[in-house]
Amino acid sequence: MMEINLPQIAFFALSALALISAIMVITRRNAIHSAIWLIITLFSVAGVFLMLHAEFLFAVQIILYVGGIMVLFLFVIMLVNLDVAAKQSQFSRQWFVAVVTALVLTAELVYGIYLDHRGFLIIPPPPAAAATNNTQAIAVGLYQTYMLPVEIASLLLLVAMVGAVVMAKRKFE
Amino acid sequence: MIPVHWYLYLGAGLFTIGVIGVLTRRNVIVILMSIELILNAVNINLVAFSQYFHSTNGQVFAIFVITDAAAEAAVGLGLIIALFRNKETVNADEIDLLKW
């Protein structure tokens, strides 16, 4: 019999918070409320990262997602007039078919995980030399093993920045 | 110790909610937020397996996913601003100029 311990309670609390706030994100009428609930989801996911000993990603999640992307979202929501859209129907006509399709997809995912979950119970042995800390290990991965992808990602960010400015510009000449 | 498949169930749940949001909502901004939910679900899986295999490759890949999310949010929100300036709407089903 599995006894409940503190990490499991924390995991269930974070999971429940993430799932409930995610449901709130897609059901709120006001887009600002959706954004606030999404921030709570992102914080819960950051907590899950912390439980997985991914301290660097925990910090990146809060700084980049909550501090960067969500501010961008809130900025655009306030820039765009949503008063008309808030009074209209929030869900498209095919919502029933969409929900059924998504639930079938989830049933497949859950069934697949359930079939394989006995294999996940076997913990692979830790490597002998695991003395470096998390941020150091990620830095080695980023700048040695994955140097070319990092350069490509920086190029992608540059293109996205220029593209966003060009598209949001008032006059295109 | 939390078994790795619990994280996979959590990722599957978040992914489903994101898919339902993308497919059912009319507001383009909420659709973009649902895409962020989907990317977060993927990140949970990547980090869970990274921890399971005692390798940081999954976390490095999660950083690339976050980079993509930032680029996608910037371009998507720029598109929404341009769209709202031209059509005065944020409803996805009213943007049907290419649909005949």
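Biologist: Which residues does B:Tyr9 touch, once residues up to four places away in sequence are not counted?

Modeller: In this predicted model, B:Tyr9 touches A:Val110 and A:Ile113, with residues up to four places away in sequence left out. The place of B:Tyr9 itself is in helix α1 of chain B.

Biologist: Is B:Tyr9 buried, exposed or partly exposed, and why?

Modeller: The general idea is to count C-beta neighbours, since a residue is buried if 20 or more other C-beta atoms lie within 10 Å of its own and exposed if 12 or fewer. B:Tyr9 has 17 C-beta neighbours inside 10 Å, and therefore counts as partly exposed. As for its position relative to B:Val42, the two residues are 33 residues apart along the chain, while their C-alpha atoms are separated by 11 Å.

Biologist: How many residues of chain B are in contact with chain A, and which element supplies the largest share of that side?

Modeller: On the side of chain B, 59 residues are in contact with 71 residues of chain A. Helices α1, α2 and α3 of chain B each supply at least two residues of that side, and the largest share, 21 residues, comes from α3(B). Sorted by class, the side of chain B that touches chain A holds 39 nonpolar, 16 polar and four charged residues.

Biologist: Which residues have the most contacts inside the largest nonpolar core?

Modeller: That core has 66 residues, and those with the most contacts inside it are A:Phe49, A:Phe73, B:Leu14, B:Ile29, B:Met33, B:Ile44 and B:Val47. The elements giving it two or more residues are α1, α2, α3 and α7 of chain A together with α1, α2 and α3 of chain B, and α2(B) gives the most, with 13 residues. The core also draws at least three residues from each of domain 1 (1-88) and domain 2 (134-173) of chain A, two domains whose C-alpha centres lie 23 Å apart.

Biologist: What is B:Val47 in contact with, leaving aside its neighbours within four places in sequence?

Modeller: From chain A, the contacts of B:Val47 are A:Phe49, A:Leu52, A:Ala54 and A:Leu57, and from chain B they are B:Gly58, B:Gln59 and B:Ala62.

Biologist: Which element of chain A has the lowest mean pLDDT, and which the highest?

Modeller: As a general caution, where pLDDT is low, the predicted coordinates should not be read in detail. The mean pLDDT of chain A is 86, and 90% of its residues reach 70 or more. Among the elements of chain A, helix α4 (residues 83-87) has the lowest mean pLDDT, 76, whereas α2(A) has the highest, 94.

Key. Residues numbered from 1 in each chain as written. Chains lettered and ligands numbered in written order. Predicted model: local features only at pLDDT ≥ 70, side-chain atom pairs only at ≥ 80, totals over all residues. Core = buried A, V, L, I, M, F, W, Y, C linked by C-beta atoms within 7 Å. Helix = DSSP H or I, 4+ residues; strand = E, 2+ residues; numbered from the N terminus. Domains from an automatic or database assignment. Contact = placed C-beta atoms within 7 Å. pLDDT = per-residue confidence, 0-100. Nonpolar A, V, L, I, M, F, W, Y, C, P; charged D, E, K, R; others polar.
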